[in-house]
Amino acid sequence: MSHTQMTRQPSAGDDSVSPTLPAADQQFGTVAVHAGEARQKPGDAITDAIFCASTYTFEDTQSIIDFIEQEQPREEYGRYGNPGEKVVERKLAALEGGEEAVLYSSGMAAMVGLLMAKLSSGDEVIFFDECYHRSREFCIKHLGRFGVTTRQVKTCDYAAMEAAITPKTRMLISESPTNPHLSVIDLERFAEIGRKHGVDTLIDATLATPYNLRPIEAGVDFVLHSATKYLGGHNDLLAGVVIGSKEKMDSVRNLRGIMGAVNGPQNCYLLGRGLKTFELRMQRHNENGMMVAEFLAGHPRIERVYYPGLPSHPYYDVARKTMRGFGGLVTFLVKDADWRATADVIDAVKIPRIAPSLGGVESLIEQPLVMSYFQQTPEARKQFGIFDNMIRMSCGIESADDLIADLSQALDATA
């Protein structure tokens with residue numbers, strides 16, 4: 001798997017140390033551990049320092065003028081960046097194969113920041129309709145107040161997406177895999193539609209991660225992650241990131257400096273630390289997700305399993321072509337169960353915790369109807385494919401045998 005060398009980004013103290021750039025032949029795990037970091041760090045520590053500073057001082061007036069006129073690589077004020085943040089941004093850009101990454105306080109802050117930077121009144125965006133409900137809500141309810149139109153077409157209906165494009169369309173948006181149905185996008189086809197019509201393309205690859213999916217290599221303009229999930233990996237931080245070319249990301253970074261949707265120095269440190277074990281964790285998530293999905297697919301109480309690594313999945317062939325692994329998220333339907341009987345299954349498990357989110361070392365389980373769509377009408381839930389008997393499980397890094405045994409006893413106990 002190739003890794004594009006990232007564009008050098010400034011950080012405080014960067015005039016005396018040089019960040020590590022990945023060599024063309026370095027493997028993913030090496031990049032995750034070392035990319036973006038200086039070989040010799042402040043205090044000669046092996047770990048990066050945490051800079052708890054809201055503002056940065058100048059030696060004299062001339063140093064301010066030099067900073068402005070010569071665009072010197074240093075920090076000025078905490079709303080525009082932090083030295084530790086820059087390290088993590090460089091690492092994320094290297095892992096994704098992009099030129100520049102901009103880190104945010106959460107995944108939704110990243111989505112909002114990108115769209116606000118790229119859209120104006122009268123513009124239009126087109127979504128594939130399987131998506132995180134808050135992304136949909138922001139575009140329809142909030143961007144709509146400012147004159148931005150959101151169009152939704154059936155997921156993976158590329159002809160419908162292309163037909164929906166007008167001279168006012170500015171961005172095509174999809175997740176891959178989607179949440180919670182785990183549909184997988186043909187990235188090259190998606191990107192080609194954007195190029196053909198001069199429209200930017202965005203893939204939210206949170207569920208796939210850079211380990212399993214390479215949207216930029218397929219020609220996609222922007223890749224977004226909720227780094228809260230697999231990238232951080234320990235259910236202990238909030239973060240989001242957008243990655244793309246330096247040319248396209250300049251306006252995104254500039255607006256973030258105005259909005260102030262920056263992350264804190266401790267979170268940046270935790271995210272950087274989590275990335276060092278990212279490859280190892282993803283290998284386990286992939287293994288566990290596959291084993292749990294296969295178990296559920298063969299269980300008599302399960303009506304259907306949504307998992308792109310199963311041959312029964314409608315986008316299995318696309319997943320095999322575009323993905324290295326299929327992740328730890330498994331969605332399934334309990335046969336002949338209403339919402340209460342489905343909730344009983346969730347309440348009967350012993351290992352997964354009942355919670356939203358995904359991608360951490362601990363397994364999580366939830367009922368989408370209750371957790372995210374409880375206040376929606378039955379008609380709206382049906383429109384979005386949220387069924388009363390649907391369960392979404394995020395497989396952590398526990399033993400797959402233990403997770404399967406736990407699901408088995410829960411299904412048996414509630415039969």
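**Exercise 1.** Work out why C268 has no bonding partner for its sulfur.

*Solution.* Start with the distance: the closest cysteine sulfur to that of C268 sits in C52, 10 Å away, so that gap is too far for a bond. The cut-off for a disulfide is a pair of cysteine sulfur atoms within 2.5 Å. Next, check the surroundings: C268 counts as buried because its relative accessibility is 2% (buried is under 20% relative accessible area, exposed over 50%, partly exposed in between, with a 1.4 Å probe and protein chains only). Then widen the search: the whole structure turns up zero disulfides. C139 is no exception, since its nearest cysteine sulfur, in C131, lies 8.0 Å off.

A quick note on the model: it is predicted, local features need pLDDT of at least 70, side-chain atom pairs count only at pLDDT 80 or more, and totals for chains, interfaces and linings use all residues. Numbering runs from 1 along each chain as its sequence is written, and side-chain values use heavy atoms, leaving out hydrogens and water.

**Exercise 2.** Place K229 and list what it touches.

*Solution.* First, find the loop between strand 6 (222-226) and strand 7 (240-244); K229 is there (strands are DSSP runs of E, at least two residues, numbered from the N terminus). Second, rate its exposure: 17% relative accessibility, so K229 counts as buried. Third, go through the contacts (heavy atoms within 4.5 Å): leaving aside residues up to four places away in sequence, K229 touches T206, S357, L358 and G359. Last, look at the record: an unreviewed UniProt entry puts "modified residue: N6-(pyridoxal phosphate)lysine" at K229, though such annotations may be inferred rather than shown by experiment.

Conventions: Helices (H or I, at least four residues) and strands (E, at least two) are DSSP runs, numbered from the N terminus.
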